[in-house]
Amino acid sequence: MNDNPAFGANLQPFMGIPSFMRLPVTRDLKDADVAILGVPFDSGTSYRSGTRFGPRKIREASLMIWGHNATLNVTPLKTLRVVDYGDVSVIPTSIEHTMTAITQTAGEIIETGTTLITLGGDHSITLPLLRAHAKKHGPVSLVHIDAHIDTWEAEFEAVPYSHGTPFRYALQEGLIRKGEYMQIGIRGPISGENDYADARQLGARIVTIHEVMEKGVAAILNEVHERMKGPVYVTLDIDSADPAYAPGTGTPEVGGLTSYQLLQLVRGLRGLNLIGFDLVEVSPPFDHGDITAILAANLVFEYLSLLALQHR
Ligand code: MN
Ligand code: MN
């Protein structure tokens, strides 16, 4: 492993080959604390696609991250040994085969004791990621930051899986601890008046955007800390951000979180038993000035900083 990852010390952000934070690209996890994994898959998308280009673009945007987190006072790459594991070998025409490949690759990584951070891809990838994590840790406490509940019934009857259904199946499969599932930032027009009631019935605590804006991020974080007793998995859909901050996504919803509120939300997870993270739905073809990818890369860096604090 490279003892001197050149994330700014030796190379300028526009130089070199863009692995995440220009970390070593390897599948050798001996001594690795954290692995970054890309899942360039967008065939679970119901509207406009393009998230298959997300992992590569987030890696490129990550080169602007200089390394020290001044807010949390930690330099994650000094505390943690992090590698870029590359991408899952997805099959763009088969969600079923891709999901199997995701569970397998994720399982191989976390079985070694390495914490996994995954870059999507659309939100369908989170179900196979949760399967892998629940196999290792048992059912997880789940923090789900999104504009959408993603607990819908199958839109396409013959194929139950899409980016609108992962958490219905995760709940039905018992991958999530009872009462320890929060959806934060929920909003927008929906297909039926009972959609939210269905999600609550399945076991979701829905925190709408109105509740976040009225109570404030700190109050929502208090509830997260009160509820989550188990190993905490965090899944962050970039469309939780307002399209003004994250236009590069497939199903944008107006009236969302600011980029600052999202940073606060992730930072505020400090102290929980954090076991895994994914960031999904970045669609570079719809982005402007790479602002969505830059936000995504910085949110991953915040999570990485929390892992460093947890490790220390
Ligand atoms: Mn989603
Ligand atoms: Mn969404």
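Colleague: What spacing do the donors of the manganese ion (ligand 1) follow along the chain?

Modeller: A good habit is to list the donors in chain order, then look at the gaps. In this predicted model, the donors of ligand 1 follow H-x22-D-x3-D-x86-D. The protein donors are His123 through ND1, and Asp146, Asp150 and Asp237 through OD atoms. They lie 2.1 to 2.2 Å from the manganese ion.

Colleague: Which residue bridges the manganese ion (ligand 1) and the manganese ion (ligand 2)?

Modeller: Asp146 does, and the two ions lie 3.2 Å apart. Now look at where the donors sit: His123 is in the loop between strand 3 (115-120) and helix 4 (126-137), while Asp237 is in strand 7 (residues 232-237). The two residues are 114 residues apart, so this pair links distant parts of the chain.

Colleague: Is Asp237 buried or exposed?

Modeller: For that we ask whether the relative accessible area falls under 20%. Asp237 counts as buried because its relative accessibility is 2%. His123 is buried too, with a relative accessible area of 0%.

Colleague: And the nonpolar core: which residues touch the most other members?

Modeller: In the largest core, of 57 residues, Ile184 and Leu279 do. Helix 10 (residues 291-311) gives the largest share of this core, 13 residues. Another core, of 44 residues, lies apart from it, with Ala35, Leu129, Leu142 and Ala204 among them.

Colleague: What does Ile184 touch?

Modeller: Leaving out residues up to four places away in sequence, its contacts include Val143, His144, Ile145, Val207 and Leu265. You have already met another one: Asp146, the bridging residue.

Definitions and conventions. Residues numbered from 1 in each chain as written. Chains lettered and ligands numbered in written order. Predicted model: local features only at pLDDT ≥ 70, side-chain atom pairs only at ≥ 80, totals over all residues. Heavy atoms only, no water. Core = buried A, V, L, I, M, F, W, Y, C linked by side-chain atoms within 4.5 Å. Buried < 20%, exposed > 50% of the residue type's maximum accessible area, 1.4 Å probe, protein only. Helix = DSSP H or I, 4+ residues; strand = E, 2+ residues; numbered from the N terminus. Contact = heavy atoms within 4.5 Å. Donors = N, O, S within 2.8 Å, 3.2 Å for Na, K, Ca; no water.
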